Amino acid sequence: MSEWLENHLPKVVLAPSFIAVLIFVYGFIGWTAWVSLTRSKLLPKYEIKGFIQYERLFDSPRWDTAINNLYVFGALFIVIAMVLGLLLAILLDQKIRVEGAIRTIYLYPMALSMIVTGTAWKWILNPGLGIEAMVQGWGFPNFKFDWLVNPDYAIYTIVIAAIWQSSGFVMALFLAGLRSVDGEIIKAAQVDGIPTWRIYTAIIIPSMAPIFLSAFIVLAHLAIKSFDLVIALTGGGPGYATDLPATYMYAMAFSRGDIGQAAASAMIMMLVVFAIVVPYLYSELRAKND
């Protein structure tokens, strides 16, 4: 018996976690996929009716708004966070004296939840309490910064808060990549008289391609699943101006009592995440096998 336990102890220890993941992750993914093919409303129905929920989903103006917002939010969030993170990493890579303080300042937002970030920026961007009121109090009564309540600009407030939250994480990734570059190559380039900016653009940054890909995957995943930041900052408003697929799914499931639509939107989100993550995992596994 003791010999059997010694040989199978790792399996016995991991079995409960494996079963829990199998049921509560993959099991419910399968359940959601099934419900998305039914006419479920407030309560689930299990009679397959085809792709009627997906047809309703793609005919919904609110879903179109959510997808368009995701394009705007995702593109700006990913690009600006990566550019800002790279610039901050290059700054810190210069071995400046206050590196520790700057690194702490920019990494601090990572310690906050998206709910806290959204609430803080809701105060900062509130026209009656935040930046607009402060600047007007300085003697500029015509200054306006009402993006939070302006349907045409509200989505950009989500971008600002998300960048503030995540750029420090991207900076940490890029800084680790910069510090891992072979110093001898850089010294050889400096000896040859190559300018510093050229060393970064032609040698260092191209060698960090895997880091860029990893940062893109993480940021894209965050953008697609963004929910708590939107709820805390704008609540999806004004109106549906800052709706994203995750908030649409939540509204259908818990406000409208339409779990069939919620399931269909959840499956579309999952497919988009898979479309980003699976090729990345495939390339990584292929590179290791080669």
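UniProt positions are given in the numbering used here, and its annotations may be inferred rather than shown by experiment. With that understood, the unreviewed UniProt entry lists residues 12–34, 70–92, 104–124, 153–178, 199–224 and 259–282 under "transmembrane region". The structure itself is a predicted model, and the description below follows the chain through its domains, its annotated spans and one of its loops.

The domain assignment of the protein chain gives domain 1, residues 1–37, and domain 2, residues 53–288. Between the C-alpha centres of domain 1 and domain 2 the distance is 33 Å. The two domains nevertheless touch: six residues of domain 1 are in contact with nine residues of domain 2.

The extent of this meeting can be expressed as an area. The size of an interface is often given as the accessible area lost when the parts come together. For domain 1 and domain 2 the buried area is about 540 Å², and carbon and sulfur atoms give 84% of this value. On the side of domain 1, Thr32, Val35 and Ser36 lose the most area to domain 2, together accounting for 66% of what that side buries.

The character of the interface can be described further. The residues of domain 1 that touch domain 2 comprise four nonpolar and two polar residues, with no charged ones. Zero salt bridges are found across the interface of domain 1 and domain 2, while one residue pair is in polar contact, both residues being at pLDDT 80 or more.

Attention now turns to the annotated spans. The unreviewed UniProt entry places the feature "domain: ABC transmembrane type-1" at residues 67–280. In the model this span is 73% helix and 0% strand, and its end C-alpha atoms lie 23 Å apart. Two of the listed transmembrane regions may be examined individually. Residues 199–224 are 96% helix and 0% strand, with 35 Å between the end C-alpha atoms. Residues 259–282 are 100% helix and 0% strand, and there the end C-alpha atoms are 33 Å apart.

A final point of interest lies in the loops. Most peptide bonds are trans. The peptide bond from Gly237 to Pro238, however, is cis, with omega near 0°. Pro238 is situated in the loop between α11 (228–233) and α12 (245–255). Another loop, between α6 (131–137) and α7 (154–180), holds Val149. Which residues does Val149 contact, leaving aside its neighbours within four places in sequence? Val149 is in contact with Pro127 and with Pro238. Val149 and Thr104, by contrast, are 45 residues apart in sequence and 32 Å apart in space, C-alpha to C-alpha.

Terms used: Residues numbered from 1 in each chain as written. Predicted model: local features only at pLDDT ≥ 70, side-chain atom pairs only at ≥ 80, totals over all residues. Heavy atoms only, no water. Domains from an automatic or database assignment. Contact = heavy atoms within 4.5 Å. Buried area = accessible area lost by both parts, 1.4 Å probe. Salt bridge = Lys/Arg side-chain N within 4 Å of Asp/Glu carboxyl O. Polar contact = N/O pair within 3.5 Å; in protein donor to acceptor, adjacent residues only side chain to side chain. Nonpolar A, V, L, I, M, F, W, Y, C, P; charged D, E, K, R; others polar. Helix = DSSP H or I, 4+ residues; strand = E, 2+ residues; numbered from the N terminus.
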